[in-house]
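Welcome, and please open your viewer. We will go from stop to stop, selecting a few residues each time and looking at what is there.

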Amino acid sequence: MAEPLTLYKLMILSMLEQSETPLTNTLLADFFLNREYTSYFTLQEALHELNDAQFIQQETSHNNVQYSITPAGRESLHFFENKINKEIQTDIRQYLADNQLSLAAATSAVADYYMTPEKKYAVHCQLRDKGIPQLELTLKVMNKAQAEVICANWKSQTDDIYMLLIDHLLK
């Protein structure tokens, strides 16, 4: 059996490879902590080391971190995937199957904001399907509070906004 930290890294790579969408830090933590595989801090250490080794790619917005596997990560996983025992592989497959809808929802609507050169804020919103942007929208707002509200509301209102745009653009 692999050393614990090595095993956690392989488990992360396996989850990322099997998932149709990038996985959030929250979803990975849910899997590892609820099944009592390891602590939150050990999981973060494994993610950090995988990112440093360029086996995973990390995308961060102000309220969300998402991970996806890189080609180097896939290659490494295929060399060592036999180090993950059958029970853990079953746990991973079952978790991904049980949570497929929430996995897709967690990564389909993302929003982040940044300060523009004019010292205003811009909010960048995306609607993705399997990681591929379907709609991108950048809005300039007057202050950080407005930017934060838009980011918070984007996830819950994305479908309505998308349909409104389609309806108006197809008239």
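Start by selecting E118 and K140, whose side chains meet in a salt bridge with 3.7 Å from N to O. A salt bridge here is a side-chain nitrogen of Lys or Arg within 4 Å of a carboxyl oxygen of Asp or Glu. E118 lies in the loop between β4 (109–115) and β5 (121–129) and K140 in strand β6 (residues 132–141), so the pair ties together parts that are 22 residues apart in sequence. E118 is partly exposed, with a relative accessible area of 49%, while K140 is exposed at 61%. For these words, buried means under 20% relative accessible area, exposed means over 50%, and partly exposed is in between (1.4 Å probe, protein chains only).

A note before moving on: this is a predicted model, in which local features need pLDDT of at least 70 and side-chain atom pairs count only at pLDDT 80 or more, while totals for chains, interfaces and linings use all residues. Residues are numbered from 1 along each chain as its sequence is written, and side-chain values use heavy atoms, with hydrogens and water left out.

**Next stop: T116**

Stay in the loop between β4 and β5 and select T116. Is T116 buried or exposed? At 5% relative accessibility, T116 counts as buried. Leaving aside residues up to four places away in sequence, T116 touches Y121, A122 and K140; contact means heavy atoms within 4.5 Å.

**Zoom out: the whole chain**

Now show the protein chain as a cartoon and look for seven helices and six strands. Helices (H or I, at least four residues) and strands (E, at least two) are DSSP runs, numbered from the N terminus. Following the chain from that end, you meet the elements in the order α-β-α-α-β-β-α-α-α-β-β-β-α. The C-alpha atoms fill a box of roughly 60 × 35 × 30 Å along the principal axes. Of the 171 residues in the chain, 39% are buried. Among contacts between residues at least 6 apart in sequence, 55% join residues at least 24 apart.

**Two more salt bridges**

How many salt bridges does a search of the whole structure find? The search finds three, and E118 with K140 was one of them.

Select K9 and E49 for another: their closest N and O atoms are 2.4 Å apart. K9 lies in helix α1 (residues 4–18) and E49 in helix α3 (residues 40–52), so this pair ties together parts that are 40 residues apart in sequence. E49 counts as partly exposed, at 30% relative accessibility.

Then select E17 and R74, whose side chains form a salt bridge at 4.0 Å, N to O. This pair links distant parts of the chain, with E17 in helix α1 and R74 in helix α4 (residues 71–80), 57 residues apart. E17 is partly exposed at 24%, and R74 is partly exposed at 35%.

**Helices packing on α5**

Keep α1 in view and add α5: the two pack at an angle of about 40°, with their axes 10 Å apart. Axes are lines fitted to C-alpha atoms, for helices over the stretch in contact, and angles run from 0 to 180 degrees between N-to-C directions. To see the contact, select L7, M11, S14, M15 and Q18 in α1 together with I88, I92, R93, Y95 and L96 in α5. These residues divide into seven nonpolar, two polar and one charged. Ala, Val, Leu, Ile, Met, Phe, Trp, Tyr, Cys and Pro count as nonpolar, Asp, Glu, Lys and Arg as charged, and the others, Gly among them, as polar.

Now add helix α2 (residues 25–34), whose axis comes within 11 Å of that of helix α5 (residues 86–98) and crosses it at roughly 135°. That makes α2 oblique to α5; angles under 35 degrees count as roughly parallel, over 145 as roughly antiparallel, 65 to 115 as roughly perpendicular and the rest as oblique. Select L27, D30 and F31 of α2 with D91, I92 and Y95 of α5 to show the contact.

**Last stop: two loops**

Just after α2, select E36, which takes a positive phi of about 55°. E36 is exposed, with a relative accessible area of 70%. Finish at Q54, in the loop between α3 and β2 (56–61), where phi is near 65°, a positive value in a residue other than glycine.
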